Amino acid sequence: MAPALDVERFDLQYEFNNTDHRTDLNGVDRLIVRRGQPFTITLHLRSGTFRPGVDTFSLVVETGPCVSQASGTMATFPVGESVDRSQWSATASSCAGTEVNLSICSPPDAPIGLYSLILQDRDTSVPAGKFVLLFNPWCSEDTVYMADEKKLEEYVLAQDGLIFRGNYKFPVPTPWNFGQFEPGILDACLRILDMNPKFFRNPEQDCSGRRNPVYVTRVVSAMINCNDDKGVLYGRWDNSYSDGVNPSSWNGSVEILRNWDSMSCQPVRYGQCWVFAAVACTVLRALGIPTRVVTNYMSAHDTNSNLVIERYFDENGSPLKKTRDMIWNFHCWVESWIKRPDLSPDFSEWQASDPTPQEKSEGVYCCGPVPVKAIKEGELTFKYDAPFVFAEVNADVVSFIKRKDGTEDKIRGTVTVGQSISTKSVGSDDREDITHLYKYPEGSEEERRAFRKANHQNKLLQPPPEPGLHLKIKTSKDMKKGCDFDVFAVISNNTPMAKLCRLMFCARAAFYNSTTGKECGMKDLLNVQLSPSEEKTVPLRLNYTKYGEVLTPDSLIKVVALLMDYHTKDAILAMRDIVLEDPKIKIKILGEPKQNRKLAAEIILQNPLAEPLENCTFCLEGANLTGGRTIRETIGSVGPGKEAKVKVYFTPTHWGMRKLMVDFNSNKLHDVKGYRNVIIGK
């Protein structure tokens, strides 16, 4: 009988393996590898040598607290002649004196998570160490495989990006630090999996389920919000954030995830849709699933699953809360690149999931993942939550006016749900419009066919302009925060007879989820006279002295025009959301950017208001730039037209393209965002 191996120590080759598996940005102080790809460890023997074919031993891998061969959370396998990439396997790749190099490979469908590695030699078991196993989008047998290297750089490795806010006529790119490779973030992501209720109910089954990216994506969707569990973020939309952080103030996911992890998994206050989506993107990228944040403008929230959004207004054009249905100015979710063996091949690739808590799915506040292709084709029977996502981009909108006598009438007016669906382009800061992935062109035969398949008959082709009254809202070119400007109601009388009408023209501060705040402009014209075929333009002046006091953190103003024909009693509604443009932040890099060399940046913002700014604060952060922390610089008062200016020092830790992100706050200007791409040299 061969003597047992006398192992002095194990070398898990952190730097070599992590670099080979594209996980070295996490650091090289522990072993982090991707499934379906071999990694190498070295056994250092105290005495003797290893004799291939004579000396035999096995390796054991385990993940989770309750392990079994049947669930795939434990595997025992011998050191054989070669590596079999379809299962746990190992081979002695080289032997030199008292050193033995082992090549170990996991199957491409192994559960992800933290593993223990054990060497078994006859009756002895020796712990060899721990390692983290992640999904592998570079492995063709993994269900998250993505063949395009540039897309992998964007959707897995990129630590910063842009999230689009504003509205569909004025998309506003917001920089975001995903920071999935910053210290402590991977551990927080693994802890999210271990804190989900399914793990507490059945840890073996849950850990086994982590082989499937569909399962993991759904768990993450539920755990980013805290509505049913010890999730990461507490959602709030009422503008009361004194006991937490205004959602608009976050610049990245790193601080959020670290706070949650360090506060014993207490929810971080507060998040809204783009924050929920961005943190989910960080977690999924950290786990190895290609993921991107998507913005849907004019996004419907269908609460009763009838694919119709019903809205009610009074005779003054003010919204009435008769239904929970809403149309958000924009809404963000994530898409993850996953093959779906449970569905036909046409429904693989991008899968939409939404961590913002809106409606329950199987009793839990989560949504998806559902194939984007299924939404486009109207295939609403697929798991998960296809009808809800379909409504977000394709619901019909029906508006009613409730008159003072209690009667209700349908209002003419056109609102198209699901516009300018946007994400950051691969390798650039341009906006990529992906509306065509979710829906066919408005009014096309393909769109109608998708609706019929969805068993929804309410949507018809938009008819050509009919005789009668028509109403639309136009805006000025420059609508900058701090300026006075006009908006216009344009009324057309497309009839051969004169018309006498009442026009209600109102502007209110608004939130991005379509709820409105205080009024900031109003006209009530009781006698608007229109000759046959006449067009009239009615201006409404919006003064900063009025809107500046009521503006929400979303910098939105909702303009509503309601036209009523005295003769026919018909009512026509027009609505438009205005995004006020923030002042630009100038970022100047001083010196030549080099890895591990101190660098300075000068940050400047000019006060656009006719009044001083008080308590001015600049916050800066950037993946691999600011050491995983937020740098805060506070200055005093800045007079009208004057510049707020600071110089900030930081030391880049990695070479390559990085984003330096800046957030400015004061008593009058809130969460003004800016960024600059910085190329760090080696």
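The following paragraphs describe helices, cavities, a pocket, cysteines and selected residues of a predicted model.

Helix 6, which spans residues 213-223, is largely enclosed by the rest of the structure, because 10 of its 11 residues are buried. The buried set consists of Pro213, Val214, Val216, Thr217, Arg218, Val219, Val220, Ser221, Ala222 and Met223. The cover over these residues includes three helices, namely helix 3 (185-194), helix 4 (197-201) and helix 8 (273-287), together with strand 17 (326-338) and strand 18 (349-353). At its N-terminal end, helix 6 is capped by Asn212, a side-chain oxygen of which lies 2.9 Å from the backbone nitrogen of Val214.

In helix 2 (149-157), the buried residues are Leu152, Glu154, Tyr155 and Val156. Elements that cover them include strand 2, helix 8, strand 14, strand 18, strand 22 and strand 23 (431-433), and helix 8 and strand 18 are also among the elements that cover the buried residues of helix 6. At the start of helix 2, the backbone nitrogen of Lys150 is approached to within 2.9 Å by a side-chain oxygen of Asp148. Glu154, which belongs to this helix, has a relative accessibility of 8% and therefore counts as buried, the cut-off for that class being under 20%. Beyond its neighbours within four places in sequence, Glu154 is in contact with Arg285 and with Lys424, Ser425, Val426 and Gly427.

Glu154 also takes part in the lining of the largest cavity, where it is joined by Tyr155, Gly161, Leu162, Phe178, Arg285, Arg292, Val293, Thr423 and Lys424. Two or more of these lining residues are given by each of helix 2, strand 10 (160-167), strand 14 (291-301) and strand 22 (419-424). Arg285 and Lys424 thus appear both in the lining of this cavity and among the contacts of Glu154. The volume of the largest cavity is about 80 Å³, and its lining is made up of four nonpolar, two polar and four charged residues. In total, the structure holds three cavities of 30 Å³ or more. The second largest of them has a volume of about 40 Å³ and is lined by Asn239, Tyr241, Asn246, Pro247, Ser248, Gln272, Phe511, Pro553 and Asp554. By class, this second lining divides into four nonpolar residues, four polar residues and one charged residue.

Helix 2 contributes to an open space as well, since it is one of the elements, with strand 36 (656-665), that give two or more residues to the lining of the second largest pocket. This pocket encloses about 780 Å³ of space. Its lining comprises 23 residues, and those that lie nearest the centre are Glu153, Leu157, Ala158, Met657 and Arg658. Charged residues number 10 in this lining, alongside seven nonpolar and six polar ones.

With regard to the cysteines, the structure holds zero disulfides. The sulfur of Cys189 has its closest cysteine sulfur in Cys281, at 11 Å, which is too far for a bond because a disulfide requires the two sulfur atoms to lie within 2.5 Å. Cys189 is moreover buried, with a relative accessible area of 0%. Cys520 is likewise in no disulfide, the nearest cysteine sulfur being that of Cys506, 7.6 Å away, and Cys520 counts as buried at 2% relative accessibility.

Two further residues were examined individually. Thr23 occupies the loop between helix 1 (14-20) and strand 2 (31-34), and with a relative accessible area of 0% it is buried. Apart from neighbours within four places in sequence, Thr23 is in contact with Asn18, Ile32, Arg34 and Leu134. Glu99, by contrast, is partly exposed, with a relative accessible area of 36%, and is located in strand 7, which comprises residues 99-105. With neighbours within four places in sequence left aside, the contacts of Glu99 are Thr42, Leu43, His44 and Ser94. Between Glu99 and Val156, which stand 57 residues apart along the chain, the C-alpha atoms are separated by 35 Å; Val156 is one of the buried residues of helix 2.

Definitions and conventions: Residues are numbered from 1 along each chain as its sequence is written. This is a predicted model: local features need pLDDT of at least 70, side-chain atom pairs count only at pLDDT 80 or more; totals for chains, interfaces and linings use all residues. Side-chain values use heavy atoms; hydrogens and water are left out. On a 1 Å grid over the protein atoms alone, a cavity is a set of points where a 1.4 Å probe fits but cannot get out, and a pocket is an open set with protein on both sides within 12 Å along at least five of seven lines; lining residues have an atom within 4 Å of a point. Grid points are joined across faces, edges and corners, and a volume is the space filled by probe spheres set on the points. Helices (H or I, at least four residues) and strands (E, at least two) are DSSP runs, numbered from the N terminus. Ala, Val, Leu, Ile, Met, Phe, Trp, Tyr, Cys and Pro count as nonpolar, Asp, Glu, Lys and Arg as charged, and the others, Gly among them, as polar. Buried means under 20% relative accessible area, exposed over 50%, partly exposed in between (1.4 Å probe, protein chains only). Contact means heavy atoms within 4.5 Å. A polar contact is a pair of N or O atoms within 3.5 Å; within protein, one must be able to donate a hydrogen and the other to accept it, and residues adjacent in sequence count only if both atoms are side-chain atoms.
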